[in-house]
Amino acid sequence: MVAIHDIKTEPGTKVFEPWIKLIRVLTHEIMNTVAPITSLSQTILEYFTSPGGQNPSEKIIGNTIKGLQIINGRGAGLTGFVETYRKLARIPQPEKKPVNVAQLFESIITLVKSNSENEKMQITREVSPSGLEIFAGKKQVAQVLINLLKNSLEALKIQNEGKIDIKGEVNSFGRVVITVSDNGPGISEGLIDKIFIPFFTAKESGSGVGLSLSRQIMLMHGGSLKLLSVPGKLTSAIIEF
């Protein structure tokens, strides 16, 4: 007896899943912008194409100005959205050089705490061994760490006794691992699979690009970025070189 199983079907489906999710997010964002533009422009068009040939009233002129202001704002928002997408798609190749991890941590923490909202936040750091180095593009890795710290700071805004820990070490495979952990509310199981999809965000003011951009940067370094979260206790972002 011979059993035949199509091994292409399941892997093929998994390959397309991220693209399907990305298309859904892009469609949602674009439609949210285009739909009101189409509706408002149609309303304004009707003001000036209705039969009668009369001059528009002050009310119509006022409504037209308001409508055009909204259209302008929506258009600018869509332009910004596309520009963000271009940045995500055009990440330059890293110029790798030796980077001292302890010095990198110090500069990133100093930068983050320069914001008055963050200066009292408890941020601890640990590096082992003390002279630990990574071979990487310093600016790009710094951007990844800034993104991760910003996410932790955002999560701790409503948290009493919020704390962030940054740790650099060498794992059992000889690879450098940097972990950014916080004791915030964590990420629910329903969101953890979506968090790296470009433009997906659970924040009101978020762009949904930070984590996907950070993961892309780590992939270009031959490394990885993953998140571990225990809701209500701990969230850790782990980057490995």
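A residue counts as buried when its relative accessible area is under 20%.

**View 1. Welcome to the whole protein, shown as a predicted model.** Of its 241 residues, 31% count as buried. The secondary structure comes to six helices and seven strands, and along the sequence these elements follow the pattern α-α-β-α-β-β-α-β-β-α-α-β-β. Among contacts with a separation of 6 or more, 69% are made by residues 24 or more positions apart.

**View 2. Here is a look at how confident the prediction is along the chain.** The mean pLDDT of the protein is 79, with 76% of its residues at 70 or more. Please read residues 7–12 with care: pLDDT stays below 50 there, and the stretch has zero contacts in the model beyond near neighbours in sequence.

**View 3. Five strands line up in an open sheet.** Follow the strands across in the order E2-E4-E5-E7-E6, and you will meet mixed pairing on the way. At the edges sit strand E2 (122–127) and strand E6 (224–230), each of which pairs on one side only. On average, and ignoring direction, neighbouring strands in this sheet are turned by 15° against each other.

**View 4. Now move in on strands E4 and E5, an antiparallel pair.** Strand E4 covers residues 163–170 and strand E5 covers residues 176–182, with seven bridges joining the two. To find your place, look for lysine 167, which stands opposite threonine 179 in E5.

**View 5. Two helices, H3 and H4, pack on the sheet.** Helix H3 (residues 101–113) touches E2, E4 and E5, and its direction makes about 170° with that of E2. Helix H4 (residues 138–155) touches E4, E5, E6 and strand E7 (234–240). The direction of H4 makes about 20° with that of E5.

**View 6. Helices H4 and H6 meet in a left-handed crossing.** The axes of H4 and helix H6 (residues 210–220) come within 9 Å and cross at roughly 145°. From H4 come Gln140, Val144, Asn147, Leu148 and Asn151, which meet Gly210, Leu211, Ser214 and Ile217 in H6. Sorted by type, the residues of this contact are four nonpolar, five polar and no charged.

**View 7. Finally, stay with helix H6 and see which of its residues are buried.** They are Leu211, Ser212, Leu213, Ser214, Ile217, Met218 and Met220. Leu211, Ser214 and Ile217 may look familiar, as they also take part in the meeting with H4. Just after H6, look for glycine 222, which takes a positive phi of about 75°.

Technical notes: Residues numbered from 1 in each chain as written. Predicted model: local features only at pLDDT ≥ 70, side-chain atom pairs only at ≥ 80, totals over all residues. Heavy atoms only, no water. pLDDT = per-residue confidence, 0-100. Contact = heavy atoms within 4.5 Å. Pairing = 2+ DSSP bridges. Helix = DSSP H or I, 4+ residues; strand = E, 2+ residues; numbered from the N terminus. Axes fitted to C-alpha atoms, helices over the stretch in contact; angles between N-to-C directions. Left-handed = near helix turned anticlockwise from the far one by under 90°. Nonpolar A, V, L, I, M, F, W, Y, C, P; charged D, E, K, R; others polar. Buried < 20%, exposed > 50% of the residue type's maximum accessible area, 1.4 Å probe, protein only.
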